[in-house]
Amino acid sequence: MKKVAIIGSGFSSLSAACYLAKSGFNVSLFEKNDTVGGRARQLKKQGFTFDIGPSWYWMPDIFEKFFKDFGKKTSDYYQLDKLSPAYKIFFADDVITIGDCMDKICAEFERIENGSGKHLRSFIGKAQENYDIAINKIVLRPGLSPLELVTKDTILRVDQFFKTISQEVRKKFSNPKLVSTLEFPVLFLGAKPSKTPSFYSFMNFADFGLGTWHPEGGMYEIIKAMHSLALELGVNIHTSSPVDKIEVEQGNTKGIHMGGIFFGADIVLSGADYHHSETLLDKEYRQYSEAYWDKKTYAPSSLLFYVGFDKKLQQVEHHNLFFDTDFEKHAEEIYDEPTWPSEPLFYANFPSVTDKSMAPKGCETGFFLIPIAPGLEDTEVLRQQYFDIIINRFELRTGQEVKNNIIFKESFCVNDFIEAYNSYKGNAYGMANTLTQTAFLRPGLKSKKVNDLYFTGQLTVPGPGVPPSLISGKLVADLITKKHIER
Ligand SMILES: Cc1cc2nc3c(=O)[nH]c(=O)nc-3n(C[C@H](O)[C@H](O)[C@H](O)COP(=O)(O)OP(=O)(O)OC[C@H]3O[C@@H](n4cnc5c(N)ncnc54)[C@H](O)[C@@H]3O)c2cc1C
């Protein structure tokens, strides 16, 4: 039985561990932190439960497919609820509510712009076709060759790879609030909508067509489910085990080192951030230079606040976007001229609005996120300054006072991403999916310099987000299985 050592325990590593164990490998996983889950860890404090990272459960079909591959269902592990409404967007002069079905969403669009409901149905129809192609065909390819992208379906849609989502949206919708609403989903891919190919409108189908879901107990329930599944499949899981070197001899993988302890393995797979994983190798075995990493476009980092409120809040839903300032300007301050945003857009999540288990009775669990450029200076003073900005805006837009109802607040930013996950420049969501950073143009799943060394996660194929991380684990496990078992 071949031995695989996996570095990290995020969604991608756990996914790969499950598939590899199912294929018959002897799998051991090593995580530097004291709990599994990576960026999706959980914080529990004074009866409040916070998902530290992801909070939007989109593309439920992908989670279902993952568990089905092991003869399971998501409902064997956690209870999913469809959120209704899905979310709310606060603008300076109005609030848009996104319902849980197309009829409600079209009615809301019509309220804002006459005739937009019809345009929306046709836009989402096209987005659904793209979703079927992207998710069922393209995304399941390992990014080894440009030819993977050439299919009958993509040839017919080649123009959609050269036009941007911004151009496509603006062709049909003129109201700036509807434009921002339709540009929001591609932010999950990590780049500006004006740099994201219009083919990625499949994210709009994920949003309006498939809906927004919530696992009762929070997103960490998915990690708990995958952790249990991995244990059921026989994976050995070691937490508090930071790997400090990948051992290579004459171009062949030999194992990993942790503070003087050597663990021998036939295959090493790293789900830690790709840049960090390469620093665990001697220089001659690294595939990419520092200059390569430096010039890539990263998905944003974030300034996050986890806040316990001693009362229920008014006018808010489970998910709330505050798009009451200039979307374009904030995007420029993330991507074009990295700097702290002058007037930040932000996201506020109150899972206890729909899930009583997330907060003590009569209280609200609040998670606030400001997207920022990776690599910015991060100080306590700046964090507090930005908290004051957003909490004042929050009070103004929702018409209530909350500052005196804060029991505690914790923050997390660039320095914490580096410290907690060895994240390159403190990125939160990995490497952006742009035209030049898609599929075979991303850092590869398989090392070109070392035999039996592999990578997975949000900096490689297919890209950032929880569903892509599950797929990344499957893709790399398939490559390893093909080489070692199906020969
Ligand atoms: C604030 C935030 C909000 C997000 N929101 C959403 C959302 O709503 N929906 C969505 O789909 N996605 C969201 N994402 C993205 C999603 O969380 C990530 O794409 C996904 O969790 C990445 O998983 P991963 O396995 O690639 O990496 P990670 O989760 O980062 O896992 C890598 C693991 O490797 C470990 N590691 C690093 N170095 C070492 C070492 N030397 N030795 C041992 N272990 C090591 C790290 O500790 C970590 O546990 C969000 C991310 C963040 C940060």
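This passage walks through a predicted model, from its domains to the surroundings of its ligand and then to its sheets.

The chain is best met through its domains. The domain assignment splits the protein into domain 1 (3-40 + 54-79 + 217-295 + 432-484), domain 2 (106-209) and domain 3 (297-421). Domain 1 is thus assembled from four separate stretches of the chain, while domain 2 and domain 3 are each given as one range. Between domain 1 and domain 3, the centres taken over C-alpha atoms are 29 Å apart. Where these two domains touch, domain 1 supplies 12 residues and domain 3 supplies 11 residues. On the domain 1 side of this contact, seven residues are polar, three are nonpolar and two are charged.

A pair of helices offers a good next stop. Two packed helices are described by the angle between their axes and the distance between the axes. For helix α1 (residues 11-23) and helix α16 (residues 466-484), the axes come within 7 Å and cross at roughly 35°. This crossing of α1 with α16 is right-handed. On the α1 side, the contact is built from F11, S12, S13, L14, S15, A16, Y19, L20 and S23. Helix α16 answers with residues that include V466, L470, V476, A477 and I480, along with G473 and K474. Taken by class, the contact between α1 and α16 holds 10 nonpolar residues, eight polar ones and one charged one.

The ligand comes next, and α1 and α16 appear here again. The ligand has 37 residues around it, and those that come nearest are G8, G10, G38, P54 and G457. Two or more residues of this shell come from each of the elements α1, β14 (301-309) and α16. Which element gives the most to the shell around the ligand? That element is α1, with three residues. Polar residues number 18 in the shell, beside 16 nonpolar and three charged ones. Both domain 1 and domain 3 take part, each giving at least three residues to the shell around the ligand.

The strands can be followed sheet by sheet. Strands of a sheet pair through backbone hydrogen bonds, either parallel or antiparallel. One open sheet has seven strands, ordered β7-β6-β15-β16-β17-β14-β18, and its pairing is mixed. At its edges lie β7 (95-98) and β18 (406-412), each of which pairs on one side only. From one strand to the next, the twist of this sheet averages 20°. Within it, β15 (residues 319-322) and β16 (residues 346-349) run antiparallel and share four bridges. One of the residues involved is H319, whose bridge partner in β16 is N349.

Another open sheet has three strands in the order β10-β11-β12, with antiparallel pairing. Here the edge strands are β10 (245-249) and β12 (261-264), each paired on one side only. The twist in this sheet averages 30° from one strand to the next. Strand β11 (residues 252-258) is joined to β12 by four bridges, and H257 finds its bridge partner in F262 of β12.

A hairpin completes the tour. Strands β3 (residues 42-45) and β4 (residues 48-51) pair in the antiparallel sense, again over four bridges. In this pairing, K44 is matched with T49 of β4. Two residues lie between β3 and β4, and Q46 in the turn has a positive phi of about 45°.

Technical notes:
Residues numbered from 1 in each chain as written. Predicted model: local features only at pLDDT ≥ 70, side-chain atom pairs only at ≥ 80, totals over all residues. Domains from an automatic or database assignment. Contact = placed C-beta atoms within 7 Å. Nonpolar A, V, L, I, M, F, W, Y, C, P; charged D, E, K, R; others polar. Axes fitted to C-alpha atoms, helices over the stretch in contact; angles between N-to-C directions. Left-handed = near helix turned anticlockwise from the far one by under 90°. Pairing = 2+ DSSP bridges. Near = placed C-beta within 6 Å.
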